[in-house]
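Me: Please take a close look at the charged side-chain pairs in this chain. I would like to know where they sit and what surrounds them in the rest of the fold.

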Amino acid sequence: MELSEALPLGELAAAFAALPVFPLFDTAYFIVSVLYLKYEPGAVEMSRKSPFASWLCAMLHCFGSYILADLLLGEAPLGYFSNNSSVILATAVWYLMFFCPMNLFYKCVSFLPVKLIFVAMKEVVRVRKISAGVHHAHHLYHHGWFVMMATGWVKGSGVALMSNFEQLLRGVWKPETNEILQMSFPTKASLYGTVLFTLQQTQWLPISEANLIFFFTMFMIVCKVFMTATHSHASPFAPVENLICPVLFGSVSSGHSSHHHDHHEVSHPPPPPAKSKEELNEGTRKRKAKKAE
């Protein structure tokens, strides 16, 4: 018996790709997104002082990727909000997360075993969004590889890419937290994933879309669940990047840094000249006269 017959991965992948994400997986996606919003400093206080601003931030966490992708493709950025069921579901999650009596909803979903289940379900939605973004861009720009990659990337990590704008709604400005300068694992994985889906969509990668969705989703679930369970921020791409990036893009020279540092040390302005005895006596006389007045 062949391995493909013993393990019908093709049928499993096709069934998995056809699995609907609404409402079960979308609910998990909204729960984790709003949960991360509540983790932000000052988010709870803001929900009491300005519930509308808190709701807007929650909607950006839930639908920011759709808004950013629509802006890139020249479509109405509020188009997704016509989906009343999703907006009402996300609003219900936001209300329960911040205003549930005795904080019961938050305590239940933040319990680690339950949270890991929701995190895994969120990655299912993320990969579907990357695939849908690439497919939609391919329909509009059949030969636009970079359009496909940009759309798939923002579909998978649009919330993180809009984090600075979302911070402004909360009255916080942290430009050093720019997601492009310091990519988190989901943002970087979404970038690599959208390259794979673009190659598959343009028939340069000999694999079916259903199989790619299945295997990339499994990869994302394993990595994200492990990182969440261990509270780790280390990227699984780091070992490969540390080998390839210095070869392709070079590395920062320590000698250049020390030379630059020495240059700045030498170029300090000279100290001011010491005052003469006559100037010191004149200053003393002025202070005494001012004190007498």
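Reply: Charged pairs and their setting

In this predicted model, Lys188 and Glu241 form a salt bridge, with 3.3 Å between the closest N and O atoms. Lys188 belongs to helix H11 and Glu241 to helix H13, so the pair ties together parts that are 53 residues apart in sequence. Lys188 has a relative accessible area of 17%, and Glu241 has one of 16%. Both residues count as buried because the limit for that class is under 20%. Salt bridges with shared partners also join Glu40, Glu166 and Arg170 into one network.

Within that network, the side chains of Glu40 and Arg170 meet at an N to O distance of 3.6 Å. This pair links distant parts of the chain, 130 residues apart. Glu40 is in the loop between helix H3 (24–39) and helix H4 (43–49), while Arg170 is in the loop between helix H10 (163–169) and helix H11 (185–201). The two ends fall into separate accessibility classes: Glu40 is partly exposed at 30% relative accessible area, and Arg170 is buried at 14%.

Another salt bridge is local in sequence. Glu123 pairs with Arg126, and the closest N and O atoms are 2.8 Å apart. Both residues lie in helix H8 (residues 112–140), with a spacing of 3 residues, about one turn of the helix. Glu123 is buried, with a relative accessible area of 2%. Arg126 is buried as well, at 7%. The count of salt bridges by the rule used here comes to 4.

The nonpolar interior

Helix H8 also matters for the nonpolar side of the picture. The largest nonpolar core has 53 residues, and those with the most contacts inside it are Val34, Phe63, Met97 and Phe197. H8 gives the most to this core, with 10 residues. A second core, separate from this one, holds 6 residues, including Leu60, Ile67, Ala69 and Met162.

Val34 can serve as an example from the larger set. With neighbours within four places in sequence left aside, Val34 is in contact with Ala58, Cys62, Val93, Trp94, Met97 and Phe98. Met97, one of these partners, is itself among the residues with the most contacts inside the core.

A residue in helix H6 (residues 84–99) offers a second view: Thr91 is located there. Thr91 touches Trp55 and Met59 when residues up to four places away in sequence are not counted. The C-alpha atoms of Thr91 and Trp55 are 7.4 Å apart, although the two residues are separated by 36 positions along the chain. At 24% relative accessibility, Thr91 counts as partly exposed.

An unreviewed UniProt entry places the feature "transmembrane region" at residues 12–32, 52–73 and 80–98. In the model, residues 12–32 are 71% helix and 0% strand, and the end C-alpha atoms lie 27 Å apart. For residues 52–73, the helix share is 95% with 0% strand, and the end C-alpha atoms are 28 Å apart.

The outside of helix H13

Helix H13 holds Glu241 of the pair described at the start, and this helix covers residues 238–249. A nonpolar surface patch of about 710 Å² is made by Val240, Leu243, Ile244, Val247, Leu248 and Phe249. Phe249 lies in helix H13 and is exposed, with a relative accessible area of 68%. Glu241, by contrast, is buried at 16%.

The chain as a whole

The protein chain contains 15 helices and 0 strands. Of its 293 residues, 38% count as buried. The accessible surface comes to about 17700 Å², and carbon and sulfur atoms account for 68% of that area. Among contacts with a separation of 6 or more, 74% are between residues 24 or more positions apart. The Lys188–Glu241 link, at 53 residues, and the Glu40–Arg170 link, at 130 residues, can be read against that background.

How values were computed. Residues are numbered from 1 along each chain as its sequence is written. This is a predicted model: local features need pLDDT of at least 70, side-chain atom pairs count only at pLDDT 80 or more; totals for chains, interfaces and linings use all residues. Side-chain values use heavy atoms; hydrogens and water are left out. Patches are made of residues with over 30% relative accessible area and no salt bridge: like charges are joined within 9 Å, nonpolar side chains (Val, Leu, Ile, Met, Phe, Trp, Tyr) within 5 Å. Accessible areas come from the Shrake-Rupley method with a 1.4 Å probe; for residues, only the protein chains shown count as cover. Helices (H or I, at least four residues) and strands (E, at least two) are DSSP runs, numbered from the N terminus. Buried means under 20% relative accessible area, exposed over 50%, partly exposed in between (1.4 Å probe, protein chains only). A nonpolar core is a set of buried Ala, Val, Leu, Ile, Met, Phe, Trp, Tyr and Cys residues joined through side-chain atoms within 4.5 Å. Contact means heavy atoms within 4.5 Å. UniProt positions are given in the numbering used here, feature names are shortened, and annotations may be inferred rather than shown by experiment.
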